[in-house]
Amino acid sequence: MIKRLFYSLSLFTSFAFADQNNIADLLNEALSHNYSFVERSLNQSELKIEESAGEILFNGNKGFVVNISSPFKERYEVNQDKVTIFDLDLDQSRAINLEDINSIFIKVLLLGLSAQSNEYQIKLNDSNNFSIVPADDSPEIKFIFNKKILTLIRYTDSLGIEHGIELKKL
């Protein structure tokens, strides 16, 4: 009887771990592609939806670049050390150390998802979407797939603004 219980528990644990590995692999594969995006944010103080559009280009271990084409022209270059923000309309730039931002979302985009992390847990919501639940009690980040293609990311930023990013592979 005890052997069956341990066997059942070990099977359940290995299935749960396999699911997290599969989810991590699925997202990491998705983050190797470039996307165009439309981001919609709910501005609760003015009760209006704000929209921006652009593209996100992944450079493997080197980081990623976000080019925003509307409503303003901006470029964000993210690497292992810093985020450099270019305001193309005003011809200005500034750099922020990645340590100072401390964003699980940026870390996942930059480094990929790990099935075993101390910073977050992976939660399977259904067969087409999962969440990253940060250990620091910050809001979860939802990744939604359609036929194994990443199509939507939903998150709430540190200011409490809800974002939805619709993605299309380039």
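These legends describe close-up views of one predicted protein model.

Residues are numbered from 1 along each chain as its sequence is written, and side-chain values use heavy atoms, with hydrogens and water left out. In this predicted model, local features need pLDDT of at least 70 and side-chain atom pairs count only at pLDDT 80 or more, while totals for chains, interfaces and linings use all residues.

**View 1. The whole chain has 3 helices and 11 strands.** Helices (H or I, at least four residues) and strands (E, at least two) are DSSP runs, numbered from the N terminus. From that end, the elements run α-β-β-β-β-β-β-α-α-β-β-β-β-β. The chain has 170 residues, and 32% of them count as buried. Buried means under 20% relative accessible area, exposed over 50%, and partly exposed in between (1.4 Å probe, protein chains only). The chain exposes about 11300 Å², with 52% of it supplied by carbon and sulfur atoms. These areas come from the Shrake-Rupley method with a 1.4 Å probe; for residues, only the protein chains shown count as cover.

**View 2. The 11 strands form an open sheet.** Their order is 6-5-4-3-2-1-11-10-9-8-7, and the pairing is antiparallel. Strand 6 (92-97) and strand 7 (120-126) stand at the edges; each has a single partner strand, so one side of each lacks a neighbour in the sheet. From one strand to the next, the twist averages 20°. Two strands pair if DSSP finds at least two bridges between them. Strands of a sheet pair through backbone hydrogen bonds.

**View 3. Strand 7 pairs with strand 8 (residues 129-134).** The two run antiparallel and are joined by 6 bridges. Gln 121 has Val 133 in strand 8 as its bridge partner. Helix 3 (residues 104-111) packs on the sheet, and strands 7 and 8 are among the strands that this helix touches. The direction of helix 3 makes about 45° with that of strand 9 (141-146). Axes are lines fitted to C-alpha atoms, for helices over the stretch in contact, and angles run from 0 to 180 degrees between N-to-C directions.

**View 4. Two hairpins link strands 3, 4 and 5.** Strand 3 passes to strand 4 through 3 residues. These two strands run antiparallel with 5 bridges, and Ile 68 stands opposite Glu 74. Strand 4 and strand 5 have 3 residues between them. Here too the strands run antiparallel, joined by 5 bridges. Tyr 76 has Ile 85 in strand 5 as its bridge partner.

**View 5. The largest nonpolar core has 36 residues.** Such a core is a set of buried Ala, Val, Leu, Ile, Met, Phe, Trp, Tyr and Cys residues joined through side-chain atoms within 4.5 Å. Leu 113, Phe 143 and Leu 150 have the most contacts inside it. Helix 3 gives the largest share, 6 residues. Among the residues that Leu 113 touches (heavy atoms within 4.5 Å) are Ile 23, Leu 27, Val 108 and Phe 130.

**View 6. Phe 58 and Phe 64 form a tilted aromatic pair.** Their centres are 5.8 Å apart, with 45° between the planes. Rings of Phe, Tyr and Trp (its six-membered ring) pair if their centres lie within 6.5 Å; planes under 30 degrees apart count as stacked, over 60 as edge-to-face and the rest as tilted. Both Phe 58 and Phe 64 are buried. The structure holds 4 aromatic pairs. Phe 130, Phe 143 and Phe 145 form one aromatic cluster.

How values were computed:
Lists of a residue's contacts leave out its neighbours within four places in sequence.
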